[in-house]
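Here are some friendly notes to read alongside the model. Take the points in order, and keep the 3D view open while you go.

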Amino acid sequence: MTAPISGATARELVRCDRDGAVARLTLARPERHNSLVPELLDGLLAHVEAIRADERISAVVLAAEGRSFSTGGDVRGFHDRPPAELHDYAAGLVGRLNRAILALMDLPQPVIARLRGPVTGGSIGLVLAADLVAAVPEAFFAPYYVSVGFAPDGGWTAILPDRIGVQRAREIQLLNRHVSAAEAQTLGLVTEVVPADRIDARITEWLATLDGHVATGVRAAKRRLLPDWRRAAYAAGLECERRAFLAEVTRPEVREGMARFLDRRMAG
């Protein structure tokens, strides 16, 4: 039986439930493929802050409802925004995403990402912030920036090249290539690819393994794997992404790209 933390309701865009010493965060906007809007990121940030302050929590599982983990920033939310409001909306959204990525990285507790569907656009940053990643074979990563006109955010340029190499990151983004779960495991973005009917059991096994370790040792290892210099480099890179995103988002060709992207989604 799980118990809600801080009075979560069924319609929150991010739910946080306690299962013993494990906090389970769930993106809960499945009707929009868990695409990122300010309210969702505010909810995620609030829950992460509460988890950080709760010494009873020993591990975090980050999951999502529906067919997608997250499709990144809600393109409809950008497109339908009046042009005069677009810059400020984008600044707030990407700024919140950057804070969420860093807040997840900064958690002393290990974070396990559970991927049962696509991870596209800036939502990759939530996965890059995790310590362990379990994915079903059908999951994949994709950027989509060059097909819309947005500048990359979510760590596609600030974190991903550090993980997989600059040339591979360049190829994936310029060709707008899907990265399958199997390839993501080879690249080190996914810890293990697990059949859908086994993914929760595998995560339970990881949690049991972590629970068998000395908690202070786990937290010390996590701290040393993100030294201050690396964390500072990621933060600076994410801020550079935010500035580049803002420089592009109000261009007329980006609005046209958003319209084409949405038309293709509607036709599909």
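**Notes on strands, sheets and helix packing**

1. Let us begin with one pair of residues: L115 has A135 in β7 as its bridge partner. Please keep in mind that this is a predicted model. The pair belongs to a longer stretch, in which strand β5 (residues 111-115) and strand β7 (residues 132-135) run parallel and are joined by 4 bridges.

2. Now stay with β7 and look for another partner. Strand β10 (residues 192-193) is linked to β7 by 2 bridges, and these two strands are also parallel. To find the place in the viewer, look for A134, which sits opposite E192 of β10.

3. Next comes a small sheet. What is the order of its 3 strands? The order is β6-β8-β9, in an open sheet with mixed pairing. Its edges are β6 (119-120) and β9 (179-180), each of which has a pairing on one side only. Strand β8 (residues 140-142) and β9 are antiparallel, with 2 bridges between them. One residue pair to click on is F141 and its bridge partner V179 in β9.

4. There is a hairpin to visit as well. Strand β2 (residues 14-19) pairs with strand β3 (residues 22-27) in the antiparallel sense, and 6 bridges connect them. Among the residues involved, D17 has R24 of β3 as its bridge partner. Between the two strands of this hairpin lie 2 residues, and G20 adopts a positive phi near 65°.

5. Let us turn to the helices. How do α3 and α11 lie relative to each other? Helix α3 (residues 83-106) packs on helix α11 (residues 228-249) at an angle of about 165°, and the axes are 9 Å apart. An angle over 145 degrees counts as roughly antiparallel, and therefore α3 and α11 are described that way. Their crossing is right-handed.

6. It is worth colouring the residues of that contact. On the α3 side they include L86, A90, V94, I101 and M105, and on the α11 side they include Y234, A235, L238, F245 and L246. Sorted by class, the contact between α3 and α11 comprises 13 nonpolar, 3 polar and 4 charged residues. G95 and N98 of α3 are among the residues taking part, as are R231, E239 and R242 of α11.

7. Helix α3 has another neighbour to look at. Helix α1 (residues 38-52) packs against α3 at an angle of about 25°, with the axes 9 Å apart. Angles under 35 degrees count as roughly parallel, so α1 is roughly parallel to α3. This crossing is left-handed.

8. Which residues of α1 meet α3? They are P38, L41, D42, L44, L45, V48 and R52, and their counterparts in α3 include Y89, L93, L97, A100 and L104. By class, the contact of α1 with α3 holds 11 nonpolar, no polar and 5 charged residues. D106 of α3 appears in the contact with α1 and also in the contact with α11.

9. Finally, zoom out to the whole chain. Its secondary structure amounts to 12 helices and 10 strands. Along the principal axes, the C-alpha atoms occupy a box of roughly 55 × 40 × 35 Å. The radius of gyration is 18 Å; a compact globule of 268 residues would have a value near 18 Å, so the two agree.

Methods:
Residues numbered from 1 in each chain as written. Predicted model: local features only at pLDDT ≥ 70, side-chain atom pairs only at ≥ 80, totals over all residues. Heavy atoms only, no water. Axes fitted to C-alpha atoms, helices over the stretch in contact; angles between N-to-C directions. Parallel < 35°, antiparallel > 145°, perpendicular 65-115°, else oblique. Left-handed = near helix turned anticlockwise from the far one by under 90°. Contact = heavy atoms within 4.5 Å. Nonpolar A, V, L, I, M, F, W, Y, C, P; charged D, E, K, R; others polar. Pairing = 2+ DSSP bridges. Rg over C-alpha atoms; globule rule 2.2 N^0.38 Å.
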